[in-house]
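Here are my comments for you to read beside the model. Please take the points in order and find each element as it is named.

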Amino acid sequence: MDISFFSGAVTFLCCFFAAAAVLTRRSNSKPKSVPTNGGDNSRNCVCGSGGGGSFEMVEKVSVTVAGGEKQTGASMMEQLVPEITTHALSYLDYPSLCRLSMTNSLMRKAANDDNAWKALYHKDFTLEQDSMTPINGWKAYYAATRAIMNVNAEFFRIIKERSLPAMERFWLNADYVKCFHASGEYFTGYNAVMGSWQLAFNWEQNVDFEIRDVRARVMTDSAWVTMKAYLNMGSGNVTNVFEFHNGRWYMVHHHCSVMLIHGGAGHQVVQG
């Protein structure tokens, strides 16, 4: 993301919060105090530990409640309309939103808002899952989706490097794993699947391909990714299925089918 874009969003937030503070102070021309245990005024500067080892200065204001009593209420920032903050944060990308959450506790609360992460998920990935409600919230679901997308990208990097040892570590060692290559050949079981990749790496020429339209769906311990692969004039539909074991994702199913072009025979896209 362009740094000027991020700076502009942060500047917008700072200016908005400063303007709100000035307007509130003007409306309270006669400051009122509420006795405390220490005899101090109700406007106390409270230092709290923020993310990344930083500290924040939060100004508390007096709030009138039912019965005419006054009490120390939320900070000025916390009294702002949440939709305004969420809208401003929607201009940030994933790394910027994470960095913002480490500035102080108030920014961490705003940056962890579930609606902000839902909007970021739909912007970075897909709108197909708009109606779902992730069990652990959209931030956790965003992180899980990004993780499985990185694993999926690693699979194609292994193919380009033609590394059989890396491919052996990538697949789950189980008798139910399956692999459908673009050639139409089908293999089941870990040993047979690894044998097919060994033949492909030994006999196939180096290929350069492009992966587009990647879509992922992540469950608790399984995930699948669909995409299109393009090579020269050919293209194919690819589906990869993963399972989570012992703290990491393993491939358990790969299917590459050649797409037909204008009703004719398609070209082999990628040995996979």
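**Notes on a predicted model**

1. In helix α5, which covers residues 114-124, the residues Ala-116, Trp-117, Leu-120, Tyr-121 and His-122 are buried. Please bear in mind throughout that this is a predicted model. The N-terminal end of α5 is capped by Asp-113, which places a side-chain oxygen 3.0 Å from the backbone nitrogen of Asn-115.

2. Turning to the sheet, six strands are arranged in the order β5-β4-β9-β8-β7-β6, and together they form an open sheet with mixed pairing. The edges are taken by β5 (186-188) and β6 (210-218), each of which has a single partner strand, so one side of each is left without a neighbour in the sheet. From one strand to the next, the twist averages 20°.

3. Strands of a sheet pair through backbone hydrogen bonds, and this pairing is either parallel or antiparallel. For β8 and β9 the sense is antiparallel, and the pairing extends over ten bridges; one residue to look at is Val-241, whose bridge partner in β9 is His-253. Helix α8 (residues 190-203) packs on the sheet, where it touches β4 (178-180), β5 and β9, and its direction makes about 140° with that of β5.

4. Helix α6 has 25 residues (137-161), which at 1.5 Å a residue should span 36 Å, and the distance of 37 Å between its end C-alpha atoms agrees with this. The helix lies across β6, β7 (222-231), β8 and β9, running at about 140° to β6. Its buried residues include Tyr-141, Ile-148, Asn-152, Phe-155 and Phe-156.

5. Where do the helix and the sheet meet through polar side chains? I would point to Asn-240, which is found in strand β8 (residues 234-245), and whose side chain is joined to that of Asn-152 by a polar contact of 2.8 Å. Asn-240 has a relative accessible area of 0%, and therefore counts as buried, since the cut-off is under 20%. Leaving aside neighbours within four places in sequence, the contacts of Asn-240 include Phe-155, Phe-156, Trp-224, Met-251 and His-254.

6. Finally, two loop residues deserve a look for their backbone angles. Arg-162, which follows α6, lies in the loop between α6 and α7 (164-170) and has a positive phi near 55° although it is not a glycine; with a relative accessible area of 24%, Arg-162 is partly exposed. Asn-246, in the loop between β8 and β9 (248-258), is likewise not a glycine and has a positive phi of about 50°, and its relative accessibility of 80% means that it counts as exposed.

How values were computed. Residues numbered from 1 in each chain as written. Predicted model: local features only at pLDDT ≥ 70, side-chain atom pairs only at ≥ 80, totals over all residues. Heavy atoms only, no water. Helix = DSSP H or I, 4+ residues; strand = E, 2+ residues; numbered from the N terminus. Expected span 1.5 Å × (residues − 1). Buried < 20%, exposed > 50% of the residue type's maximum accessible area, 1.4 Å probe, protein only. Polar contact = N/O pair within 3.5 Å; in protein donor to acceptor, adjacent residues only side chain to side chain. Contact = heavy atoms within 4.5 Å. Pairing = 2+ DSSP bridges. Axes fitted to C-alpha atoms, helices over the stretch in contact; angles between N-to-C directions.
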